[in-house]
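Good morning, and thank you for coming. I should like to take you through one protein structure, step by step.

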Amino acid sequence: MNSRRDHRSNRTALFDGIEEGGIRASAYSSHEIHEHDNDLAIEGLQDRVNILKRLTGDIHEEVESHNRLLDHMGNDMDSSRGILSGTMDRFKMVFETKSNRRMATLVASFVALFLLIYYLTK
């Protein structure tokens, strides 16, 4: 009987160890799996952050390029405005110094030219 009791206690100890080890192993596996999933999620987030960082850098460069272009266009428009105002001043001087007869001749010439072009294109 004693041997039978020893056999049972050895068997119980043997299976308890396996069951506990199995439980511990599965808990450790589960913990490892969660850690691995977390590591993958972190890597995915790092990739997304890097992509967003590059994208914002590209957007910044594009905005800077457009701002330089707009500044250049603004300067060109200012110089064009200066040229046009000078031209208008010259026209005003011409029209003020010339007689009414020459003005009427000039206007009649433009109207006749416009009508000629209109009839030719029709």
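**A salt bridge within helix α1**

Let us begin with two residues of helix α1, which spans residues 2-97: Arg81 and Asp78 are three residues apart in that helix, so about one helical turn separates them. Their side chains meet in a salt bridge, with a distance of 3.2 Å from N to O. Side chains of opposite charge can pair when their charged atoms come close. How many salt bridges does the count give? The count comes to one.

Are these two partners buried or exposed? Arg81 has a relative accessibility of 55% and therefore counts as exposed, because the cut-off for that class is over 50%. Asp78, at 45%, counts as partly exposed.

Before going further, I must stress that this is a predicted model. Its mean pLDDT is 78, and 72% of the residues reach 70 or more. Over residues 17-25, however, the pLDDT is below 50, and this stretch has zero contacts in the model beyond near neighbours in sequence. Where pLDDT is low, the predicted coordinates should not be read in detail.

Now to the protein as a whole. Its secondary structure comes to two helices and zero strands. Of its 122 residues, buried ones make up 0%. The protein exposes about 11600 Å², and carbon and sulfur atoms supply 61% of that area.

Let us turn to helix α2, residues 100-121, where Leu106 lies. Leu106 is partly exposed, with a relative accessibility of 36%. Which residues join Leu106 in a nonpolar surface patch? They are Phe110, Leu113, Leu116, Ile117 and Leu120, and the patch has an area of about 620 Å².

My last topic is aromatic rings. A pair of such rings is described by the distance of the centres and the angle of the planes. The structure holds one aromatic pair. Its members are Tyr118 and Tyr119, whose ring centres are 5.6 Å apart. Why is the pair called edge-to-face? The planes stand at 70°, and an angle over 60 degrees counts as edge-to-face. As for accessibility, Tyr118 is partly exposed at 41%, whereas Tyr119, at 58%, counts as exposed.

To conclude, please keep two pairs in mind: the salt bridge of Arg81 and Asp78, and the edge-to-face rings of Tyr118 and Tyr119. Thank you for your attention.

Conventions
Residues numbered from 1 in each chain as written. Predicted model: local features only at pLDDT ≥ 70, side-chain atom pairs only at ≥ 80, totals over all residues. Heavy atoms only, no water. Patch = residues over 30% accessible without salt bridge, like charges linked within 9 Å, V, L, I, M, F, W, Y side chains within 5 Å. Areas by Shrake-Rupley, 256 points an atom, 1.4 Å probe, with all protein chains shown as cover. Salt bridge = Lys/Arg side-chain N within 4 Å of Asp/Glu carboxyl O. Helix = DSSP H or I, 4+ residues; strand = E, 2+ residues; numbered from the N terminus. Buried < 20%, exposed > 50% of the residue type's maximum accessible area, 1.4 Å probe, protein only. Phe/Tyr/Trp six-rings, centres within 6.5 Å; stacked < 30°, edge-to-face > 60°. pLDDT = per-residue confidence, 0-100. Contact = heavy atoms within 4.5 Å.
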